[in-house]
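Reader: Hi! I would like a close look at one part of this model, a pair of packed helices, along with enough of the surroundings to place it. Could you walk me through it?

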Amino acid sequence: MVSLAFDQVSARYAKRAVLDDIHTPTFFGGQIVALLGPNAAGKSTLFRRVLGLVDGEGEVRLEGATAERPIAYMPQETRVDAVLTVYESVLLARMQGRRLKVSPADLEAVDRAIDELGIQALTERDIGDLSGGQRQLVSAAQALVQSPDVLLLDEPTSALDLHRQIALLTVLRRLAAERGMLIVVALHDLGHALRFTDQAMVLADGTLKACGPTQAVVTPELLRDIYRVEGRIERCSRGHPLLVVDGAL
Amino acid sequence: MSKTALETPAPGRVFYRSLVARRQLILAALFAALCLSVCVDLALGPARFGLDEVLAALVSPGSVSDQLRVIVWDIRMPVALMAVVVGASLSIAGAQMQTILSNPLASPFTLGISAGAGFGAALALAFGVAILPGSVAYMVPINAFLVAMLTAFAIHLLSLKRGVTIETIVLLGIAMVFIFNSLMALIQFFASQQALSAVVFWTMGSLTKATWPKLWITLSVLAVSIPLLARHGWALTAMRLGDAKAESMGVNPRRLRLEVLIVVSLLASISVAFVGTIGFIGLVGPHIARMLLGEDQRFFLPGSALCGALILSVGSILSKMLIPGTVIPIGIITSLVGIPFFLFLVLNQRKSAW
């Protein structure tokens with residue numbers, strides 16, 4: 001089973017330190033880890049550090065990976081003006097590092113990713129003509145089609161309507177369970193984090209403020225200290241934890 | 001997002017296969033048009049031979065008169081093929097510059113590589129200055145090539161500076177064009193009357209000086225460049241999704257940009273060095289290919305090559321036909337024909353290609 005742990009990981013751009021001493025327990029395949037924190041906390045940098053795109057001390061320990069390229073990453077920015085159909089843009093993500101010839105297995109993988117995300121209706125469209133939400137789903141498909149062991153998603157729901165937010169997170173839950181994939185997802189919606197993720201890491205100002213089971217991490221104290229809002233975690237009539245925000249501090 | 005979608009036939013795959021088939025057809029049609037154009041190009045010239053005679057000279061050179069054979073094989077053939085090779089080279093160079101810089105205006109012409117070559121050539125033509133000592137026979141093309149490569153190198157060095165974005169690179173190129181244009185004006189001011197006309201003629205671009213050796217050199221560079229670029233096909237296509245996306249797919253944008261810039265500078269410099277400044281091929285060729293074939297490099301790369309080759313080959317025909325008995329410099333033709341055609345395509349396209 002794939003596992004990922006951060007061992008005193010730091011990151012810097014040139015001389016500016018962005019992440020400092022990130023230390024976590026080991027996360028395992030099948031889990032969804034929420035990466036939480038306010039704007040500019042260092043969430044995207046953490047992803048880039050995992051991918052080796054940013055320098056820094058410490059070690060990102062990835063073990064038990066079986067895929068050729070074990071980590072797939074969906075960046076936040078999805079704006080694009082290339083003259084490519086959606087289908088081609090997903091195929092492209094699949095084919096990186098491979099030969100020019102496309103095999104039937106590759107096409108199958110592309111169709112599967114497109115089906116998983118429910119964007120069959122978009123396959124023939126030009127990616128430049130899509131809405132922000134549609135681009136986000138295509139971007140998620142591009143990450144998924146690489147059949148990774150670890151999937152890193154940077155705010156994948158930020159441009160989606162409520163239905164698609166829930167649908168995407170439900171698909172992620174199922175993929176983690178079915179394929180034993182480890183999914184790390186940066187989220188701003190703490191309600192979604194409570195409902196859909198197992199573990200949570202909270203970043204603020206480049207340091208790790210809390211880490212552990214999501215329900216233990218997302219507390220009124222966290223809301224107050226990190227997010228600067230007054231709030232409560234209540235139980236709904238079905239017993240699920242529910243986030244109630246009373247106001248900004 | 002249903003699980004059952006897996007059991008139903010996949011329409012995406014079907015669509016993709018028809019897309020590929022359509023593109024292969026377009027590439028084949030472009031190739032056929034190019035062959036036809038080369039034949040017509042060979043049949044035209046001051047010495048009047050029929051198409052049948054020219055075809056006979058092509059198929060069995062031994063069976064025709066010496067005069068016909070020499071005219072077709074030694075005079076017209078290098079020119080006709082040079083048009084194809086230079087057209088393909090400039091168009092590929094433009095296509096990949098547009099790809100790595102994500103800018104529709106990037107081309108050997110707009111990045112100052114052609115202007116640099118023009119300056120190098122003018123140095124040789126006006127003052128007999130050979131940048132590389134001892135290269136008197138090929139002084140003009142070698143000068144042109146060296147200055148063009150230096151220009152590309154300078155642009156690359158400047159682009160490495162902190163805070164230089166890909167948009168700035170294009171501006172740097174335009175600055176290069178202005179610098180070389182001023183230097184060129186200076187040379188023209190001091191040059192003798194005879195040298196002046198040579199410089200002006202060179203900057204107009206002409207295929208008439210093509211010879212077999214020049215053709216072979218240009219062709220070898222093209223033949224080496226195509227596989228080098230094709231090897232990065234998927235990565236280059238990914239570059240059009242932006243650096244962040246390309247990086248997320250495992251591409252190293254900076255390294256790829258450098259590698260491709262070297263290859264395309266070589267392609268553009270060698271072409272311009274032998275035939276002079278031929279503008280708009282590197283701009284129009286890739287744009288037409290993009291509209292016909294999209295930006296998947298498996299089709300965009302050969303498509304750009306074929307479009308560029310076809311445009312220059314047709315240009316070569318027109319340069320002989322427009323004023324009977326006079327071969328108009330090809331650079332003038334490509335600008336005259338290229339710009340309206342380009343405008344027509346831009347104004348009539350359904351989809352947005354930039």
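Author: Happy to; here is the helix pair, set first in its chain and then beside the other chain. Please keep in mind that this is a predicted model.

Let's begin with the chain that holds the pair. Chain B has 14 helices and zero strands, so its pattern along the sequence is simply α-α-α-α-α-α-α-α-α-α-α-α-α-α. Its radius of gyration is 22 Å, close to the 20 Å that the globule rule gives for 354 residues, so chain B is as compact as a globular protein of that length. The C-alpha trace of chain B spans about 75 × 55 × 35 Å along its principal axes.

Now to the pair itself. Two packed helices are described by the angle between their axes and the distance between the axes. Here the partners are α5 of chain B, residues 139–160, and α6 of chain B, residues 166–190. Their axes come within 10 Å and cross at roughly 140 degrees. Angles over 145 degrees would count as roughly antiparallel, and 65 to 115 as roughly perpendicular; α5(B) and α6(B) are therefore oblique to each other. The crossing of α5(B) and α6(B) is right-handed.

Which residues make the contact? From α5(B) come T151(B), I155(B), L158(B) and S159(B). From α6(B) come I169(B), L172(B), G173(B) and M176(B). By class, the residues of this contact are five nonpolar and three polar, with no charged ones.

Next, the neighbouring chain. In the contact between the chains, 36 residues of chain A meet 34 residues of chain B. On the chain A side, the elements that give two or more residues are β7 (71–74), α2 (86–95), α3 (104–116) and α5 (162–179) of chain A. The largest share of that side, seven residues, comes from α3(A). The side of chain A that touches chain B has 19 nonpolar, seven polar and 10 charged residues.

Finally, a strand pair from chain A, for a look at another kind of packing. Strand β2 of chain A, residues 9–13, pairs with strand β3 of chain A, residues 16–22, in the antiparallel sense over four bridges. One of the residues involved is A11(A), whose bridge partner in β3(A) is L19(A). The hairpin of β2(A) and β3(A) has two residues between the strands, and A14(A) takes a positive phi near 55 degrees there.

How values were computed:
Residues are numbered from 1 along each chain as its sequence is written. Chains are lettered from A and ligands numbered from 1 in the order in which they are written. This is a predicted model: local features need pLDDT of at least 70, side-chain atom pairs count only at pLDDT 80 or more; totals for chains, interfaces and linings use all residues. Two residues are in contact if their C-beta atoms, placed from the backbone, lie within 7 Å. Ala, Val, Leu, Ile, Met, Phe, Trp, Tyr, Cys and Pro count as nonpolar, Asp, Glu, Lys and Arg as charged, and the others, Gly among them, as polar. Axes are lines fitted to C-alpha atoms, for helices over the stretch in contact, and angles run from 0 to 180 degrees between N-to-C directions. Angles under 35 degrees count as roughly parallel, over 145 as roughly antiparallel, 65 to 115 as roughly perpendicular and the rest as oblique. A crossing is left-handed if the near helix is turned anticlockwise from the far one by less than a right angle, and right-handed if clockwise. Two strands pair if DSSP finds at least two bridges between them. The radius of gyration is taken over C-alpha atoms; the globule rule is 2.2 Å times the number of residues to the power 0.38.
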